[in-house]
Amino acid sequence: MTRIELAQEVLDDFDRFFDHQATHSIEDTPQRIEEIVQALQILAHSPLIGRKAKAGKRELLIGKESRAYVALYRYVPDIDSVFVLAIRSQRESGYKRSR
């Protein structure tokens with residue numbers, strides 16, 4: 001089974017989601033974060049499921065409509081590991097940090 005590692009910056013992404021949703025009075029933020037974390041578990045069995053992105057990275061689409069997110073990750077087959085680099089809302093135009 002492929003190992004999944006979250007970059008420290010992903011926690012910053014989650015904080016950004018909490019801040020945004022608190023500003024807009026969205027009550028189920030912890031549930032949404034849990035849904036994202038659970039969805040990432042598919043990478044343990046299918047690390048190449050995400051669409052191809054730049055520089056050998058991939059993107060996993062999570063959820064739908066207003067609850068949709070995109071996880072940027074890199075799969076390293078030599079060590080059978082996925083490194084989740086960033087997560088953004090599908091409505092955001094790009095990732096907050098350069099990857």
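Visitor: What pattern does the protein chain follow, read along the sequence?
Guide: The model is a predicted one. Its protein chain has a secondary structure of 2 helices and 5 strands. Read along the sequence, these elements give the pattern β-α-α-β-β-β-β.

Visitor: Which radius of gyration does the protein chain have, and why does the value agree with a compact globule?
Guide: The C-alpha trace spans about 45 × 25 × 25 Å along its principal axes. For 99 residues, a compact globule would have a radius of gyration near 13 Å. The protein chain agrees with this expectation, because its own value is 13 Å.

Visitor: What percentage of the contacts in the protein chain with a separation of 6 or more comes from residues 24 or more positions apart?
Guide: Contact here means heavy atoms within 4.5 Å. Among the contacts with a separation of 6 or more, residues 24 or more positions apart account for 47%.

Visitor: What share of the accessible surface of the protein chain belongs to carbon and sulfur atoms?
Guide: Of the 99 residues, 36% count as buried. The accessible surface of the chain comes to about 6200 Å². The part belonging to carbon and sulfur atoms is 51%.

Visitor: How many Å apart are the mean positions of the positive and negative charges?
Guide: The protein chain carries 16 positive and 15 negative charges. Taking the mean position of each set, the distance between the two is 8 Å.

Visitor: How is the aromatic pair of Phe 14 and Phe 17 classed: stacked, edge-to-face or tilted?
Guide: The structure holds 2 aromatic pairs. In the pair of Phe 14 and Phe 17, the rings lie 6.2 Å centre to centre, with 55 degrees between the planes. Planes under 30 degrees apart would count as stacked and those over 60 as edge-to-face. The pair of Phe 14 and Phe 17 is therefore classed, by its angle of 55 degrees, as tilted.

Visitor: Where in the chain do Phe 14 and Phe 17 lie, and what separates them?
Guide: At 7% relative accessibility Phe 14 counts as buried, and Phe 17 likewise counts as buried, at 5%. Both belong to helix H1, residues 8-23. Because they are 3 residues apart in this helix, their separation is about one helical turn.

Visitor: Which residue in strand S4 pairs with Phe 17?
Guide: The second ring has its centre 5.0 Å from that of Phe 17 and its plane at 50 degrees, so this pair is tilted. The pair links distant parts of the chain, helix H1 and strand S4 (residues 69-76), across 52 residues. The partner is buried, with a relative accessible area of 5%. Together with Phe 14 and Phe 17, one aromatic cluster is completed by Tyr 69.

Technical notes:
Residues are numbered from 1 along each chain as its sequence is written. This is a predicted model: local features need pLDDT of at least 70, side-chain atom pairs count only at pLDDT 80 or more; totals for chains, interfaces and linings use all residues. Side-chain values use heavy atoms; hydrogens and water are left out. Helices (H or I, at least four residues) and strands (E, at least two) are DSSP runs, numbered from the N terminus. The radius of gyration is taken over C-alpha atoms; the globule rule is 2.2 Å times the number of residues to the power 0.38. Buried means under 20% relative accessible area, exposed over 50%, partly exposed in between (1.4 Å probe, protein chains only). Accessible areas come from the Shrake-Rupley method with a 1.4 Å probe; for residues, only the protein chains shown count as cover. Lys and Arg count as positive and Asp and Glu as negative; His and the chain ends are not counted. The place of a charge is taken as NZ of Lys, CZ of Arg, CG of Asp or CD of Glu. Rings of Phe, Tyr and Trp (its six-membered ring) pair if their centres lie within 6.5 Å; planes under 30 degrees apart count as stacked, over 60 as edge-to-face and the rest as tilted.
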